[in-house]
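Biologist: I should like to learn how a ligand site and a pair of aromatic rings are read from a model. Please begin with the ligand.

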Amino acid sequence: MRPTRSQAAVFAAILAASLLASLAAGWLGPQVDNSAYDWTFRHHPPRDVRPVSMLLTIDEESLSAIHGMAGLRPALAAALQTIAPARPAVVAIDLILADEGEPAGDAALEAAMAAVPRLVLACDLVDSGRRWEDPIPRFQSRAAAIGHVHGDPGPVDGVSRIVPLAKAAGHNRRWALSLEAFRQVSGAPFVLESPDDLEVAGTRIPAKAADSRALYIRYLPASAIPRVSLAELRRDPTLASRFRGKVVFAGVTAQSAMRDRMLTPYSDGAYMPGIEILANIFETLDRKDFLVPASNLAVALASLLLAALAVSAFAFRTGWQAYLLAAIVLVAAHAGPYLLFGRGIVFPYVAPASAAWLAAVGAGSFQFVTVRRRLGKSEAETARYQQAMHFVTHEMRTPLTAIQGSSELMTRYKLSEDKRKQIAELITSESKRLARMIETFLSVERLSAGEMELKREPFDACDVVEVCLARVRPIADRKQIRISTRALEPAALAGDRELMEYAVYNLLTNAVKYSSAGTEVTVSVSAEGSHLRIAVADQGIGMDQNEVKRIFQKFYRTNRAVASGERGTGIGLSIVEQIVTSHGGRIKVTSAPGKGSCFTLVLPALMGERAARAPGQGSA
Ligand code: ADP
């Protein structure tokens, strides 16, 4: 099936509308995209989990054991001293140590910091992001690096999915604490930068400069990262051995004192402590388990492709094939982001899915409507054809009966030469009439189907009227109806003479058919400027205005006409109208019930030299 031009235009409009709507939906639907991301995330858990990091947590129990936050620095110092002999790889402390504390505690912590290798300290943005809050100099001097612990919760739902690996306060830019920890483990002197990614000791990290070096955090399943609390370590110092070679993240996990907890795609409403998020960022880097967002261009192209496929399904196929193809496109639109996630690509869900849905629904309904319309049209066509066949068989019966009857007469009875001649002539004239009827019918059919061009030969209207009058007079005489002519002015016409004869003859027979004995039918041909008028007026049964409006419809007959007992098919005038309009003319009807009707054909007259050559010109 090939769509027509206008259908193709509608299909294209649907495509454009669905694309626009889907882009709008993609813009309005980050909530849906986020939920889809989280769902997909949970269904793609990282495999082969062997965490390199380890948490040193300050939980509720630890806090009460050290008498609250005031005792934190000496207690942390003691803990660091305990694990130092186990030689952890890196110790990252997620506490903002920006204020001077109690001198003995600060001194103890500084000493402990000196005891652990590769210390990374935290800083955070303050003053609405204008300034870094750094550790006091005595701690800073012990740190191998300082990294920011600024989280970036999703703007809509507060779920932490990405981390800005770089963050700047004015011109003062810091790498994320976990990236610094990773650099320390790798022994890289610095982080190498390119517009699209960062590089640390040969590991390329896809984090674009344009997106604040944002990186998707590939969270490990809950509790995958081992932890030891301060209180546990105090109770059992042998636990220190667990920290051997580990990247340690130390920080608060106690609900009451934790300031940096966040939701994660896994958490389902439960918050994850900041240090655990930091450890997960580190694991993402260490495992090189990177997720890369699809570019806007790729999303737009994929949406366009899906919408185009969905529209094409309905533009080029129908029925179950179209629905099947559209269903495949929809499944692809829904499964695409899921499958791409497995290949490390984060693809939005709403834009492509809504593009595919809108295009499929739009094109599907459009096809439904057009198919129905086409069905209706072909049904009407069939009905028309059947009616036409009915007309043909009905109209042809009369001459056929005459021919049959006459030939039977000739064979059965011995007839005089004169009679035989008369009957033979009748047979000839009736068969000619039959042939003419067939010719007229076929011409009109072909004309209305647009398959035939109208003949354009000049002829005289009066000639046509005279011929028709000669044929109709015997019928009129039989009904005792007088036919008079008025002002038969010679007037040239261009067109198909046969068809015009059919039209005039039809008006004349109708006038006779629908009039009663003793009345008169008047025929006139008059030229009026560039037009000529052929008028047939009768004093017959007439019609009211509603009936006049409908008489050119195929198979319509007025009740009056049916009641008159005259036989008719109700098709003649519809053919007359077609003939007249195809000659560039129109029909005027005036009528009143019981008074009579007047049918006037108004036709463009043939002017000038060609008119002079019209055969029969001036003979009437
Ligand atoms: P038919 O005469 O075979 O029924 P037509 O198409 O020629 O079919 O005419 C359609 C209908 O218009 C007729 O059935 C009749 O009701 C009405 N009609 C046509 N001509 C006249 C007329 N001169 N006077 C009254 N009614 C007419």
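Modeller: This is a predicted model. The shell around the ligand holds 22 residues, and the closest are N510, Y514, R557, T558 and L573.

Biologist: Which polar side-chain or backbone atoms lie beside an oxygen atom of the ligand?

Modeller: Polar contacts are read from pairs of N or O atoms within 3.5 Å. N510 places a polar side-chain atom 2.8 Å from an oxygen atom of the ligand. L573 uses its backbone instead, with an N or O atom 2.7 Å from a ligand oxygen atom. In the side chain of S597, an N or O atom is 3.4 Å from a nitrogen atom of the ligand.

Biologist: How much of the ligand does the protein bury?

Modeller: The ligand taken alone exposes 530 Å², of which the protein buries 98%. The ligand takes up the space of the largest pocket.

Biologist: Which elements give two or more residues to the shell around the ligand?

Modeller: They are α15 (497-513), α18 (572-582) and β25 (596-604). The most comes from α15, which gives 4 residues. By residue class, the shell divides into 10 nonpolar, 9 polar and 3 charged.

Biologist: How is a pair of aromatic rings described?

Modeller: One gives the distance of the centres and the angle of the planes. In this model the count comes to 10 aromatic pairs. For F182 and F282 the ring centres are 6.2 Å apart and the planes stand at 65°, so this pair is edge-to-face.

Biologist: Where do F182 and F282 lie?

Modeller: F182 belongs to helix α7 (residues 177-186) and F282 to helix α9 (residues 274-287), so the pair ties together parts that are 100 residues apart in sequence.

How values were computed: Residues numbered from 1 in each chain as written. Predicted model: local features only at pLDDT ≥ 70, side-chain atom pairs only at ≥ 80, totals over all residues. Heavy atoms only, no water. Near = heavy atom within 4 Å. Polar contact = N/O pair within 3.5 Å; in protein donor to acceptor, adjacent residues only side chain to side chain. Areas by Shrake-Rupley, 256 points an atom, 1.4 Å probe, with all protein chains shown as cover. 1 Å grid on protein atoms, 1.4 Å probe; cavity = no way out; pocket = protein on both sides within 12 Å on 5 of 7 lines; lining within 4 Å. Sits in = over half its atoms within 2 Å of the grid points. Nonpolar A, V, L, I, M, F, W, Y, C, P; charged D, E, K, R; others polar. Phe/Tyr/Trp six-rings, centres within 6.5 Å; stacked < 30°, edge-to-face > 60°.
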